Structures are given as C-alpha cells and as structure tokens.
Amino acid sequence: MRIIVCFLLLSCRLVVYAQQNGTVSPLFRRVVSTPDNKVYDTKAWSAFTGSPVRATPLVKDRCVYFGNAGGDFFALDKKTGDIKWKYHTGAAIHSSAIAENGKLYFSDNRQAVYALNETTGKLLWKFAMDKKMDYPWRYD
C-alpha cells in the first residue's frame, strides 16, 4: 500500500513539474492566456439543437462539429454560431467526431459509422456494424 501511495505522489509531482516547465503532455489540458492577458468571460453565441448534446464538440478551423440525441449532426460557424449544414442520421449521436483530410467521422447509437464531407455535410459513406452492442454508459 505504501508503494502505491508513493507512486501516486510521485506521479502528481511529475505532472506539476511538467506544467511549470512548459513540457505538458498532450493528454493534459492547460489554460492558455492571451498576449494582452484579457479574460473572455462573455458568451459570444448559443445554438438551439432541439436535443441534448452529450459528446465533446470538435472545433476545427472555422467550424464547430457535434451530434445530438435527436440524430442530427451539425456544423456551426465558430464565430457566429450559425448553422452551416446539418445531417440527420435517424439515431442518437453520442460520439465525438474526428476530422482528417476533409472528412468527418462519427458513430450513432445504432453502431453505424459515418463519413461526411467536412465542407458540405454530404454523406461520403456509412458502415453499419454487424449487431447493436449494448453498453451501459450510453455516451462517449
């Protein structure tokens, strides 16, 4: 038991040391200050999606991408919050999206994986997995 406690304390100390010396691992989030040390604490915009959003949005370039429990996947303008496009899957989307080479990838609660065009929201392909697997947490 003493070894476990020592290991945990040493791990915490290493994380603090890394944060203080600017060598933070990508696994750890950090607060980034602006050059003029301003704090931005006012809401720029909000968007009504019609259903709960239960996954982390993907922010890439000028867009925010996410799905909702109603089966809609959105691309919003990062500056204004305006909807650029919306794609309907027909099943709740509780997975976070990833983007690569102009494509967005995510899954819905029917275990279907989607690839959409990042700019237009057009379906590029859809892959339905063999069977629906039950998972108790229901979210990402």
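## The β2–β3 hairpin

Let's start at the turn between β2 and β3. This hairpin has 4 residues between its strands, and G71 takes a positive phi near 90 degrees there. Keep in mind that what you're looking at is a predicted model.

The two strands of the hairpin, β2 and β3, run antiparallel and are paired over 5 bridges. One pairing to look for is C63, whose bridge partner in β3 is D77.

## On to β4

Follow the chain onward and there's another hairpin, made by β3 and β4. Here 5 residues sit between the strands, and G81 is the residue with a positive phi, near 85 degrees. β3 and β4 are antiparallel too, with 5 bridges joining them.

If you'd like to trace the pairing across to β4, try two spots. L76 stands opposite I83, and F74 stands opposite K86.

## A well-covered strand

So β3 pairs with β2 and with β4. How many of the residues of β3 are buried? 6 of 6, which leaves the strand mostly covered.

In a regular strand, side chains alternate between the two faces of the sheet. You can see two sets of side chains in β3: D72, F74 and L76 point one way, while F73, A75 and D77 point the other way. Both sets are buried, and that includes the aspartates D72 and D77.

## The nonpolar core

Now for the inside. The largest nonpolar core has 14 residues, and the ones with the most contacts inside it are Y65, F73, W85, L104, F106 and L116. Several strands chip in: β2 (63-67), β3 (72-77), β4 (83-88), β6 (103-107) and β7 (112-117) each supply at least two residues. The biggest giver is β7, with 3 residues.

L104 is a handy place to look around from. Which residues does L104 touch, once its neighbours within four places in sequence are set aside? Among them are Y65, F73, W85 and L116, which also belong to that group with the most contacts inside the core. L104 is in contact with L58, I98, A99, Y114, A115 and E118 as well.

## A nonpolar patch outside

Nonpolar residues also show up on the surface. L124, W125, F127 and M129 make a nonpolar patch of about 390 Å².

Take F127, which is found in strand β8 (residues 123-128). Is F127 buried, exposed or something in between? Its relative accessibility is 49%, so it counts as partly exposed, because the exposed class begins over 50%.

Definitions and conventions: Residues numbered from 1 in each chain as written. Predicted model: local features only at pLDDT ≥ 70, side-chain atom pairs only at ≥ 80, totals over all residues. Heavy atoms only, no water. Core = buried A, V, L, I, M, F, W, Y, C linked by side-chain atoms within 4.5 Å. Buried < 20%, exposed > 50% of the residue type's maximum accessible area, 1.4 Å probe, protein only. Contact = heavy atoms within 4.5 Å. Patch = residues over 30% accessible without salt bridge, like charges linked within 9 Å, V, L, I, M, F, W, Y side chains within 5 Å. Areas by Shrake-Rupley, 256 points an atom, 1.4 Å probe, with all protein chains shown as cover. Salt bridge = Lys/Arg side-chain N within 4 Å of Asp/Glu carboxyl O. Pairing = 2+ DSSP bridges.
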